[in-house]
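Trainee: Could you take me through this model, looking closely at one turn of the chain and then at what lies around it? I am new to this, so please explain each term as you go.

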Amino acid sequence: MAGSTESGKPKRLAMVASKGTLDWAYPPFILASAAAAMDWEVGIFFTFYGLPLLKKELDAKVSPLGNPAMPMKMPFGSEGFQNINWPMPNILMANIPGFESAATGLMKKMFKNKGVATVEELREACLDMDVRLIGCQMTMDVFGFTKEDFIDEAEVAGAAAFLAYAAEAEVNLFI
Amino acid sequence: MADFTVNKELDCKGLLCPMPVVKTKKAISAMAVGEVLEMIATDPGAMPDMQAWSKQTGHELLEAKDEGGVYRFFIKKTH
C-alpha cells in the first residue's frame, strides 16, 4: 500500500518545529497527527522557540504585532461582522496593554467556533499514535529547560541524532 | 444500494482537519478485518483527505458520498 515503502517499512515524516506561538503550534501537530493517522512513523524535533510546545502545560500565545498577515477578526456577531478584518497598526498594538492576550483569546475562540481542535488535543492525539516528540538538547541548555519541564513522553536528542532519523524519512519539513 | 452492512458509525460533523482522519484511524483500529465503518463529516476537506487516507493506509473506501454539505464515507478494514 502507499503508506509503506517498497521494502514494506512504513513511510516516515520528520519535522523540525522551531516556532512556539499559538498560530505556529498548529502546523506541526496537525501534520504529525494526519501522518500518524495514515500509519506513517512520525518524529518532531523541537528546537529554539518550538521547545515550549513540549511543556507539560501549554501556554502558547499569538501576537498580531509584527505579524502583518494575521487577520484580526471578531469571533462573535453576524457572519458579515465576523468577516471584517480590523486593521491594527503596530504602533497602536504595541501600546495597548493586554493586546496580546486579547488577540490570543480571539484566536482561540475563533478556532473553537470553527471546530478546530485545540493544540492540547492535537498533541494528545499525536501521543496516542506514538508520534515521537524530541527536544533539542542544545537549545534546552541555552533557554534553561530541563527534561522535567516537558511531558513524560518527550525524548531529548541532538542534531546528529535527528538528521540520522530524517535521512530515513520520505518527507522532511521545517516549520 | 451498496451490498455491505455497516458495523460501526462515526460522527465527525463539525470537526475540521485533521480530526476526521485521526478519529477514523482510531475507530478502524478497534474494528475487525472485513468490517465496515461509516464516517460522516461536514468538512469539505474530508473528501480529498479520506481518499488520500485510504490510499495510504490500504483500507478500502467503498463509497464516498457528497450529500450537499454532508459527506458520508464507507470504509472497509482490510488488514
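**A close look, from one glycine outwards**

Mentor: Let's start at Gly115(A), which follows directly after H4(A) and adopts a positive phi of about 95°. What you see is a predicted model, in which local features need pLDDT of at least 70, side-chain atom pairs count only at pLDDT 80 or more, and totals for chains, interfaces and linings use all residues. Residues are numbered from 1 along each chain as its sequence is written, while chains are lettered from A and ligands numbered from 1 in the order in which they are written.

Names such as H4 come from DSSP runs, numbered from the N terminus: helices are H or I with at least four residues, and strands are E with at least two. Helix H4 of chain A covers residues 99–114, and because each residue should add 1.5 Å, its 16 residues should span 22 Å; the end C-alpha atoms lie 23 Å apart, which agrees. The expected span is 1.5 Å times one less than the number of residues.

Now step back to the whole of chain A. It has seven helices and five strands, in the sequence pattern β-α-β-α-α-α-α-β-α-β-α-β. Its C-alpha trace spans about 55 × 40 × 25 Å along the principal axes. Of its 175 residues, 29% count as buried, meaning that 20 or more other C-beta atoms, placed from the backbone, lie within 10 Å of the residue's own.

Chain A also touches chain B, with 14 residues taken from chain A and 14 residues from chain B. Here a contact means that two C-beta atoms, placed from the backbone, lie within 7 Å. On the chain A side, helix H1 (residues 22–37) gives the most, with four residues. That side has nine nonpolar, three polar and two charged residues. Nonpolar means Ala, Val, Leu, Ile, Met, Phe, Trp, Tyr, Cys and Pro; charged means Asp, Glu, Lys and Arg; the others, Gly among them, are polar.

Two packed helices are described by the angle and the distance between their axes. The axes of H1(A) and helix H1 (residues 19–29) of chain B come within 9 Å and cross at roughly 35°. Axes are lines fitted to C-alpha atoms, for helices over the stretch in contact, with angles from 0 to 180 degrees between N-to-C directions. In this pair, Ser33(A), Ala34(A) and Ala37(A) meet Val21(B), Val22(B) and Lys25(B). These contact residues divide into four nonpolar, one polar and one charged.

Follow H1(B) to the sheet of its own chain: the helix lies across S1, S2 and strand S4 (71–76) of chain B, at about 160° to S1(B). The sheet is open, with four strands in the order S1-S2-S4-S3 and mixed pairing. Two strands pair if DSSP finds at least two bridges between them. The edge strands are S1 (8–12) and S3 (60–66) of chain B, each pairing on one side only. S1(B) joins strand S2 (residues 36–41) of chain B in the parallel sense over five bridges, and Cys12(B) has Ala41(B) as its bridge partner in S2(B). S3(B) and S4(B) run antiparallel, joined by six bridges, and Lys65(B) stands opposite Arg72(B) in S4(B).

We finish with another glycine. S3(B) and S4(B) form a hairpin with four residues between them, and Gly68(B) in the turn has a positive phi of about 70°.

Methods
Buried ≥ 20, exposed ≤ 12 C-beta atoms within 10 Å, placed from the backbone.
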